[in-house]
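Work through the exercises below with the coordinates open, and attempt each task before reading its solution.

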Amino acid sequence: LFLAVPAYFALLKTNFYKGFFFIVVLSLYATSIEALSILTAFPYGTFNYNTQLGYKLFDLVPWTVSFGWVPLVIGSFTMSSWIFKRRIYQFFGGVSLLVFSDLIIDPGAVLMRFWTWTEPGNYYSIPFTNYMGWIFSSTIGGLFLFWMLPQNNLQKMPYYGSYTLALGNAFWIGVTFNAAYWIPCLMGILLQVIIITFVKK
């Protein structure tokens, strides 16, 4: 919850009313699509949340889930808008950063038993469907963000809009390093270099 604050505050400062609407709607979307996957396996695959993330809404999805995903959307697309000038590149860059960040997050999260896959996959027990699902959900989230906010809003986002992405990534670098999960650890270091290099001055 603490790590979500910089991204939320930056978005609200940039465009309060549209930013607030985006946070509310995308939080509902994040919770709903997680519940959908638990019930139907679409789009991420079949998994179940354990108790570490708090009370489960409708006994399916912890209430904290949206506070983890929505700030990642804000941070990834903000970072992409600082890297690329053209809107189309900003969009695909944001989707790519989101999916890349999940390649770092999920191995540590599964290790910490935040959730359990019914049919584990080859990448640190995470199935390929999870990342296909992230491409799908990130595309929807990005389209909604781009529809809500003018291009200059993202480009003018305060520099601390990237703090949620950077601090969260630093946490997962520590988790994966401690577990000797070298692939996500090195990917996390690469992402941190990208953030430091392109963060708005």
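A residue is called buried when its relative accessible area is under 20%, and exposed when that area is over 50%. The model is a predicted one, and buried residues make up 53% of the 201 residues in the protein chain.

**Exercise 1.** Determine whether the radius of gyration of the protein chain agrees with that of a compact globule.

*Solution.* Begin with the expectation, which for a compact globule with 201 residues is a radius of gyration near 17 Å. The protein chain has 16 Å, and therefore the value agrees with the rule. Next, take the extent along the principal axes, where the C-alpha atoms fill a box of roughly 45 × 35 × 30 Å. Finally, turn to the contacts between residues at least 6 apart in sequence, of which 71% join residues at least 24 apart.

**Exercise 2.** Set out the order of helices and strands in the protein chain.

*Solution.* First count the elements, which are eight helices and four strands. Then read them from the N terminus on, which gives α-α-β-β-β-α-α-β-α-α-α-α. For a closer look at one element, take helix α1, residues 5–14, whose buried residues are Pro6, Ala7, Tyr8, Ala10 and Leu11. The cover over these buried residues includes α2 (16–40), α3 (65–83) and α7 (163–178).

**Exercise 3.** Classify Thr31 as buried or exposed, and list its contacts beyond its neighbours within four places in sequence.

*Solution.* Locate Thr31 in helix α2. Its relative accessibility is 17%, and because the cut-off for buried is under 20%, Thr31 counts as buried. Once the neighbours within four places in sequence are set aside, Thr31 is in contact with Leu57, Val61 and Ser66.

**Exercise 4.** Find which residues touch the most other members of the largest nonpolar core, and follow the contacts of Phe77 to Leu145.

*Solution.* The largest nonpolar core holds 59 residues, and those that touch the most other members are Phe22, Leu26, Trp69, Ile74, Phe77 and Trp115. Not counting residues up to four places away in sequence, Phe77 touches ten residues' worth of partners listed as Gln90, Phe91, Gly94, Val95, Leu98, Ser138, Gly142, Leu145, Phe146 and Leu154. Move next to Leu145, which is found in helix α5, residues 128–148, and which is buried with a relative accessible area of 1%. With its neighbours within four places in sequence left aside, Leu145 is in contact with Phe22, Val73, Phe77 and Leu154. As a last step, compute the C-alpha to C-alpha distance from Leu145 to Ile173, which is 28 Å for a separation of 28 residues in sequence.

Terms used:
Residues numbered from 1 in each chain as written. Predicted model: local features only at pLDDT ≥ 70, side-chain atom pairs only at ≥ 80, totals over all residues. Heavy atoms only, no water. Core = buried A, V, L, I, M, F, W, Y, C linked by side-chain atoms within 4.5 Å. Buried < 20%, exposed > 50% of the residue type's maximum accessible area, 1.4 Å probe, protein only. Contact = heavy atoms within 4.5 Å. Helix = DSSP H or I, 4+ residues; strand = E, 2+ residues; numbered from the N terminus. Rg over C-alpha atoms; globule rule 2.2 N^0.38 Å.
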